[in-house]
Amino acid sequence: MDFRVMGLESPLLHTLHHMMDLPDDTVLERTFNAPTRTYVRDAKAMAATPADIKEYPNSYVFVIDMPGLKSGDIKVQVEDDNVLVISGERKREEEKEGSKYLRMERRVGKFMRKFSLPENANTEAISAMCHDGVLSVTVEKVPPPEPKKPRTIEVKVA
């Protein structure tokens with residue numbers, strides 16, 4: 001309830017209003033249209049995971065930096081037959097007795113990227129390799145179909 005409507009405009013009531021965290025009408029309206037926590041988490045994870053994509057004559061290669069991660073921390077999947085999903089989690093190191101962090105700048109938490117694969121991608125021939133903290137996911141291309149040769153039909157005399 002907004003006390004200003006009743007003519008009670010005081011700093012004390014204003015402070016109480018904010019302490020109780022009463023929503024304004026505009027805040028309520030935004031809450032109903034707000035994205036879900038899962039959507040926000042996934043969007044942040046995708047934005048924080050940069051990738052390079054290279055095209056070769058026979059394949060596509062996705063390159064993502066993954067410093068300090070083991071292969072068990074990284075998951076490569078194909079969804080809906082044409083979406084490549086690379087995800088995982090970087091966990092915080094446990095603090096040892098007698099030590100404390102003075103600054104923590106390295107990102108921890110979940111990461112994810114989704115890539116729509118082109119029609120000529122062979123989703124049955126995907127390989128992933130992590131070397132020196134760089135993940136390379138190779139997606140082979142389906143070979144183009146050979147052009148059909150004209151067929152000769154023998155003409156018979158009746």
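In the predicted model, Thr138 is a buried residue with a relative accessible area of 18%, a value that falls under the 20% limit below which a residue is taken as buried. Thr138 belongs to strand β7, and, when residues up to four places away in sequence are not counted, Thr138 touches Ser59, Tyr60 and Val61 as well as Ala125, Ile126 and Ser127.

The protein as a whole contains 3 helices and 7 strands, and these elements follow one another from the N terminus in the order α-α-α-β-β-β-β-β-β-β. Among its 158 residues, 19% count as buried, Thr138 being one of the residues that meet this description. The accessible surface amounts to about 13,500 Å², and carbon and sulfur atoms contribute 53% of that area. Of the contacts in the protein with a separation of 6 or more, 52% are made by residues 24 or more positions apart.

The largest nonpolar core comprises 15 residues, and those with the most contacts inside it are Phe62, Met66, Ile74, Leu84 and Ile86. Two or more residues are given to this core by each of the elements β2 (59–65), β4, β5 and β7 (134–141). For Ile86, with neighbours within four places in sequence left aside, the contacts include Ile64, Met66, Ile74, Lys75 and Val76. The contacts of Ile86 also take in Phe111, Met112, Arg113 and Phe115, together with Leu135 and Val137.

An open sheet is formed by 3 strands in the order β3-β4-β5, with antiparallel pairing. Within this sheet β3 and β5 (109–116) occupy the edges, and each has a single partner strand, so that one side of each is left without a neighbour in the sheet. Neighbouring strands of the sheet are turned against each other by 15° on average, with direction ignored. Strands of a sheet pair through backbone hydrogen bonds, in either a parallel or an antiparallel sense. The pairing of β3 with β4 is antiparallel and extends over 6 bridges, and in this pair Gln77 stands opposite Val85 of β4.

Strands β3 and β4 also form a hairpin, with 3 residues between them. Asp80 is found in the loop that joins β3 (74–79) to β4, and its phi is near 50°, a positive value in a residue other than glycine. Asp80 is exposed, with a relative accessible area of 67%. Asp81 is found in the loop between β3 and β4 as well, and it has a positive phi of about 65° although it is not a glycine. The relative accessible area of Asp81 is 66%, and this residue is therefore classed as exposed, the limit for that class being over 50%.

Ser87, by contrast with these exposed loop residues, is buried, with a relative accessible area of 13%. The residue is found in strand β4, which spans residues 83–90. When neighbours within four places in sequence are left aside, Ser87 is in contact with Asp73, Ile74 and Lys75, and also with Phe111 and Met112. Ser87 and Asp73 lie 14 residues apart along the chain, and their C-alpha atoms are separated by 8.5 Å. Ile74, one of the contacts of Ser87, is also listed among the residues with the most contacts inside the largest nonpolar core.

Technical notes
Residues numbered from 1 in each chain as written. Predicted model: local features only at pLDDT ≥ 70, side-chain atom pairs only at ≥ 80, totals over all residues. Heavy atoms only, no water. Helix = DSSP H or I, 4+ residues; strand = E, 2+ residues; numbered from the N terminus. Buried < 20%, exposed > 50% of the residue type's maximum accessible area, 1.4 Å probe, protein only. Contact = heavy atoms within 4.5 Å. Areas by Shrake-Rupley, 256 points an atom, 1.4 Å probe, with all protein chains shown as cover. Pairing = 2+ DSSP bridges. Axes fitted to C-alpha atoms, helices over the stretch in contact; angles between N-to-C directions. Core = buried A, V, L, I, M, F, W, Y, C linked by side-chain atoms within 4.5 Å.
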